[in-house]
Amino acid sequence: MSSKETWMRQIRAEIGVVAKADGSAMFEMGNTKVVAAVYGPREVQNRSQQLNANALVRCEYTMANFSTGDRMRKLKGDRRSTEISLVIRQTMEECILTNLMPRSQIDIFVQVVQADGGTLSACINAATLALANAGIPMRDIVTSCSAGYLNSTPLLDLNYIEDSAGGADVTLGIMPKLDKVTLLQMDAKLSLDTFENVMQLAIEGCKAVADYIREILLENTKQLQYRRGT
């Protein structure tokens, strides 16, 4: 029976890091650091894109040129950034109650400041916090974590070296209270038994992130109440 590496990198978050945004957050997973900013709900800028029954959700993902220390990395960045922007948007649309904000627009900007594996998960976690900070109504928070399979061992929350070592990895996003999967990406084939072990690890990681995000949101609420004297 193979062993499991259930150790997770340190996570850290901060709310309200972009002053002019309606909501913003910084999220770190190990040495990976992401900043997300949310603007809206606001008037739709391009009327041809307006949705009469729902809010229009837009997402833009970028990597800072200095985030990896790899000058060649940005040469192929445009197509990859577009793909990741789409994944983040579709993931966040699952949790946003867009029907409560018809004919409006919500913009989510996500930037990777420092990359060391697990960037997509960190982006989703940062976006969730930023949406909550903006007061956007949601069915549930979305949390994300990756897990992989390397040297016959399931690993949780892979860093860049582990992710680049040639093993399979899974990126998972869930709405923890609703027990619903909103994102599942896998970059290699796994046997059913191995996949179940890796998935279970990723679920545990997502739930650990959810617990931490709830703590951050609760602490932020307490601070607001204290400032208002309530």
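These notebook entries record what I looked up in the structure, which is a predicted model.

**Entry 1: the five-stranded sheet**

I began with the strand order and found an open sheet of 5 strands, arranged 1-2-3-5-4 with mixed pairing. I noted strand 1 (11-15) and strand 4 (56-63) as the edge strands, each pairing on one side only. Averaged over this sheet and with direction ignored, I read a turn of 15° between neighbouring strands.

I then examined how strand 4 is joined to strand 5 (residues 104-114): the two run parallel and share 8 bridges. For E60 I looked up the bridge partner, and it is F109 in strand 5.

**Entry 2: the four-stranded sheet**

I recorded a further open sheet, made of 4 strands in the order 7-6-8-9 with antiparallel pairing. Strand 7 (153-156) and strand 9 (180-186) are at its edges; each has a single partner strand, so one side of each lacks a neighbour in the sheet. Here I read an average turn of 20° between neighbouring strands, again with direction ignored.

Strand 6 (residues 143-150) pairs with strand 7 in the antiparallel sense through 4 bridges. Within this sheet I located G148 opposite L155 of strand 7.

**Entry 3: helix 2**

I asked which strands helix 2 (residues 119-133) lies across, and found strand 1, strand 2 (23-29), strand 3 (32-43), strand 4 and strand 5. Its direction is at about 150° to strand 2. Helix 2 also lies across strand 6, strand 8 (168-175) and strand 9, and runs at about 165° to strand 6.

I checked the length of helix 2 as well. At 1.5 Å a residue, its 15 residues should span 21 Å, and the end C-alpha atoms are 21 Å apart, so the two values agree. I counted 13 of the 15 residues as buried, which means that helix 2 is largely enclosed by the rest of the structure. Just after this helix, G135 has a positive phi of about 75°.

**Entry 4: helix 4**

I placed Q225 in helix 4 (residues 192-228). Its relative accessibility is 39%; I therefore entered Q225 as partly exposed. I also took the separation of the C-alpha atoms of Q225 and C145, which is 31 Å for 80 residues along the chain. Helix 4 lies across strand 6, strand 7, strand 8 and strand 9, at about 150° to strand 6.

**Entry 5: the nonpolar core**

I looked up the largest nonpolar core, which has 57 residues; F27, M92, I96, I106, I108 and L131 touch the most other members. Helix 4 supplies the largest share of this core, 10 residues. In soluble globular proteins, nonpolar side chains tend to be buried together.

I followed I106 further. With neighbours within four places in sequence left aside, its contacts include V38, Y39, P41, I96, L131 and I136.

**Entry 6: backbone details**

I found a cis peptide bond from G40 to P41, with omega near 0°. P41 belongs to strand 3.

I then turned to two aspartates. D157 is not a glycine, yet its phi is positive at about 55°. I located D157 in the loop between strand 7 and helix 3 (160-163). Is D157 buried or exposed? Its relative accessibility is 2%, so D157 counts as buried, the limit being under 20%.

D179, also not a glycine, has a positive phi of about 55°. Its place is the loop between strand 8 and strand 9. The relative accessible area of D179 is 68%, and I therefore entered D179 as exposed.

How values were computed. Residues numbered from 1 in each chain as written. Predicted model: local features only at pLDDT ≥ 70, side-chain atom pairs only at ≥ 80, totals over all residues. Heavy atoms only, no water. Buried < 20%, exposed > 50% of the residue type's maximum accessible area, 1.4 Å probe, protein only. Pairing = 2+ DSSP bridges. Axes fitted to C-alpha atoms, helices over the stretch in contact; angles between N-to-C directions. Contact = heavy atoms within 4.5 Å. Core = buried A, V, L, I, M, F, W, Y, C linked by side-chain atoms within 4.5 Å. Expected span 1.5 Å × (residues − 1).
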